[in-house]
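Please look through the sequence and the fold below before reading my comments, and keep both in view as you go.

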Amino acid sequence: MGIGELSRRSGVSPRLLRYYEEQGLLAPERLASGYRAYTEDDVDTVRRIRMLLAAGLNTATIAGVLPCVTDTDGALAPGCAGVADDLRRERARLDRAVADLLAARDTLDGILTGAPAGEAARPSPVDA
């Protein structure tokens, strides 16, 4: 199938599909005409890429774990030794990012309420 058909079936724009190819996430066959030829498996690969992106992974990490993620009825699971450890590290990174965002929100709440630095500010009932 061509890139337009893969786009239609996956819900991902052709531009984004070309980006996935640049990142090494998709490897379509190239026809003599230069057109990309995708397979049915590529539809599933794009779905897995989208799920991993939604899980907070960047494309470099996805390139490493994608070959080792199994798909059973729409649920992804680690399929190779070591991939679960990689995913746990990514989860820890997300936990740190969430903690940083919560700290930033608390600081902003303090600014909004005029609370001294370091004191927990309480959002007004309107903000809650």
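The numbered points below go through a helix, an aromatic pair, the salt bridges and a surface patch.

1. A word of care comes before the rest: this is a predicted model, and the remarks that follow should be read with that in mind.

2. I would begin with helix α3, which covers residues 40-54. Its 15 residues, at 1.5 Å a residue, should span 21 Å, and because its end C-alpha atoms are 22 Å apart, the expected and the modelled lengths agree. Just after α3 comes Gly56, which takes a positive phi of about 95°.

3. Which residues of α3 are buried? They are Asp42, Val43, Thr45, Val46, Arg48, Ile49 and Leu52, a list that you can trace along the helix in the display. These buried residues pack against α1 (3-10), α2 (14-22) and α4 (59-65), and also against the strands β3 (69-72) and β4 (75-78).

4. The structure holds one aromatic pair. The rings of Tyr19 and Tyr20 have their centres 6.5 Å apart, and because their planes stand at 55°, the pair is described as tilted; the label edge-to-face would need planes over 60 degrees apart. As for burial, Tyr20 is buried, with a relative accessible area of 1%, whereas Tyr19 has 34% and therefore counts as partly exposed.

5. Turning to charges, side chains of opposite charge can pair when their charged atoms come close. In this model the count comes to nine salt bridges. One of them joins the side chains of Arg30 and Glu21, at 3.5 Å from N to O. Arg30 is partly exposed at 43% relative accessible area, and Glu21, at 21%, counts as partly exposed as well, since buried would mean under 20%. Glu21 and Arg30 also belong, together with Arg36, to a network of salt bridges.

6. Two further salt bridges lie in helix α5, which runs through residues 83-113. How far apart along the helix are Arg88 and Asp85? They are three residues apart, which means that about one helical turn separates them, and their side chains meet at 3.1 Å, N to O. Here Arg88 counts as exposed, at 54% relative accessibility, while Asp85 is partly exposed, with 42%.

7. The second of these bridges is formed by Glu90 and Arg93, whose side chains meet at 2.9 Å, N to O. Glu90 and Arg93 are likewise three residues apart in α5, and so about one helical turn lies between them. An α-helix has 3.6 residues a turn, so residues three or four places apart point the same way, and this is worth keeping in mind when you look at either bridge. Is Glu90 buried or exposed? At 13% relative accessibility, Glu90 counts as buried, whereas Arg93 is partly exposed, with a relative accessible area of 31%.

8. My last point concerns the surface, where Leu108, Ile111 and Leu112 form a nonpolar patch, with about 340 Å² of accessible area together. Leu108 has its place in helix α5, and with a relative accessible area of 46% Leu108 is partly exposed. A value over 30% is needed for a residue to be part of such a patch, and therefore the 46% of Leu108 fits that requirement.

Notes:
Residues are numbered from 1 along each chain as its sequence is written. This is a predicted model: local features need pLDDT of at least 70, side-chain atom pairs count only at pLDDT 80 or more; totals for chains, interfaces and linings use all residues. Side-chain values use heavy atoms; hydrogens and water are left out. Patches are made of residues with over 30% relative accessible area and no salt bridge: like charges are joined within 9 Å, nonpolar side chains (Val, Leu, Ile, Met, Phe, Trp, Tyr) within 5 Å. Accessible areas come from the Shrake-Rupley method with a 1.4 Å probe; for residues, only the protein chains shown count as cover. A salt bridge is a side-chain nitrogen of Lys or Arg within 4 Å of a carboxyl oxygen of Asp or Glu. Helices (H or I, at least four residues) and strands (E, at least two) are DSSP runs, numbered from the N terminus. Buried means under 20% relative accessible area, exposed over 50%, partly exposed in between (1.4 Å probe, protein chains only). Rings of Phe, Tyr and Trp (its six-membered ring) pair if their centres lie within 6.5 Å; planes under 30 degrees apart count as stacked, over 60 as edge-to-face and the rest as tilted. The expected span of a helix is 1.5 Å times one less than its number of residues. Contact means heavy atoms within 4.5 Å.
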